[in-house]
Amino acid sequence: MNIVILSRNAELYSTQRLVEEGEKRGHKIEIIDPLKCDIIIEKEKPTIYYKDRYLDYVDAIIPRIGASITFYGCAVVRQFEEMGVFTIAPSDAITRSRDKLRSLQRLSKAGIGMPKTVFTNYSRDVEEVINYVGGTPVIIKLLEGTQGLGVVLAETKNAAESVLEAFNGLQARVIVQEFIKEAKGADLRALVVDGQVVGAMKRQGKEGEFRSNLHRGGSANIIKLDDDELKLAMKAAKVLKLPVCGVDMLQSSRGPLLLEVNSTPGLEGIEAATQRNIAKAIITFIERNRR
């Protein structure tokens, strides 16, 4: 098959691993920068032009769309979909997952457990907002933050008030979430491929850091998920219609609680922690579905 990886950086571990496993299985793999694609819209002939050629020979795409290019990146994915090309992450699903509020609303309705969360329209009644989520400390998150950026732990009412005022002044939309103390600065990442969990790791924040992201200096170890954690990960992927995704959750006294679903999860941390060939699982998923 002709498989295109939509990525702005050909040197990234995830991109390189997907190229390696795809070529091992006899496919032609091409890395294309989505921002350099021209979308051509005409009657009954949607096409994409890239550098010196039309991309009318592509069988499947693997979107590796960064948060900063979500709008144009998803437009490119959508155009491939209109051309009948298979994608491991539908454009609508990527858009949904990138909007934390929208995805949490959808997942909440589906009965998935999550920390108590409040979204408010620049409310000045910070005390009321804090009370909704059970009091301080609280987590304050930008709606479109990634890799732990735009996530703040406010330990007191005054701190929460200062952070919310700062975000409000920047006209930045945020959500306020309950702080799960028993998680102890750790979370779980489950990698879902074709509706099944193919690997899971526990990420632990470094000393004094409540965020467990590996980009923030956290560490990762393989973990075996219990039945409730497996069910949550698979259900979240199904609800957001993401056959390939990373599902982040917390361990709490009331069971696993969903944090977010990542539509373009990195492979480096989870392959290192689990010693599983996640890239191969993604390529074989494409083979099964493209046929």
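Leaving out neighbours up to four places away in sequence, Leu101 is in contact with Phe119, Leu143 and Ile175, where contact denotes heavy atoms within 4.5 Å. Leu101 belongs to helix H4 (residues 100–109), helices (H or I, at least four residues) and strands (E, at least two) being DSSP runs numbered from the N terminus. The C-alpha atom of Leu101 is separated by 9.3 Å from that of Val118, a residue 17 places apart from Leu101 along the chain. The model is a predicted one, in which local features need pLDDT of at least 70 and side-chain atom pairs count only at pLDDT 80 or more, whereas totals for chains, interfaces and linings use all residues. Residues are numbered from 1 along each chain as its sequence is written, and side-chain values use heavy atoms, with hydrogens and water left out.

The largest nonpolar core comprises 50 residues, and those with the most contacts inside it are Ile62, Ile88, Leu107, Val247, Leu258, Val261 and Ile282. The largest share of this core, seven residues, is contributed by helix H9 (residues 278–290). Such a core is a set of buried Ala, Val, Leu, Ile, Met, Phe, Trp, Tyr and Cys residues joined through side-chain atoms within 4.5 Å; buried refers to a relative accessible area under 20%, exposed to one over 50%, and partly exposed to values in between (1.4 Å probe, protein chains only). With residues up to four places away in sequence not counted, Ile88 touches Ile61, Ile62, Pro63, Pro243, Val244, Ile282, Phe285 and Ile286.

Ile88 also appears in the lining of the second largest cavity, together with Leu18, Ile62, Pro63, Arg64, Val244, Ser263, Thr264, Pro265 and Ile282. A cavity is a set of points, on a 1 Å grid over the protein atoms alone, where a 1.4 Å probe fits but cannot get out, and its lining residues have an atom within 4 Å of a point. The structure holds two cavities of 30 Å³ or more, and the second largest contains about 50 Å³ of space, the volume being that filled by probe spheres set on grid points joined across faces, edges and corners.

Ser263, one of these lining residues, is touched by Ser97, which also meets Ser103, Leu240, Leu242 and Val261 when residues up to four places away in sequence are not counted. Ser97 lies in helix H3 (residues 91–98) and is buried at 6% relative accessibility; a polar atom of the Ser97 side chain lies 2.9 Å from the backbone oxygen of Ile94.

The count of salt bridges comes to 16, each defined as a side-chain nitrogen of Lys or Arg within 4 Å of a carboxyl oxygen of Asp or Glu. Arg254 and Glu178 form one such pair, at 2.6 Å from N to O. This pair links distant parts of the chain, 76 residues apart, with Arg254 in the loop between strand E15 (244–252) and strand E16 (255–262) and Glu178 in strand E11 (residues 174–178). Arg254 is partly exposed at 46% relative accessible area, while Glu178 is buried at 12%.

In the salt bridge between Asp248 and Arg203, the closest N and O atoms are 3.2 Å apart. Asp248 lies in strand E15 and Arg203 in strand E13 (residues 196–204), so the pair ties together parts that are 45 residues apart in sequence. Asp248 is buried at 4% relative accessibility, and Arg203 is likewise buried at 6%. Salt bridges that share partners also join Arg17, Glu20, Glu21, Lys24 and Glu271 into one network.

Key: A polar contact is a pair of N or O atoms within 3.5 Å; within protein, one must be able to donate a hydrogen and the other to accept it, and residues adjacent in sequence count only if both atoms are side-chain atoms. On a 1 Å grid over the protein atoms alone, a cavity is a set of points where a 1.4 Å probe fits but cannot get out, and a pocket is an open set with protein on both sides within 12 Å along at least five of seven lines; lining residues have an atom within 4 Å of a point.
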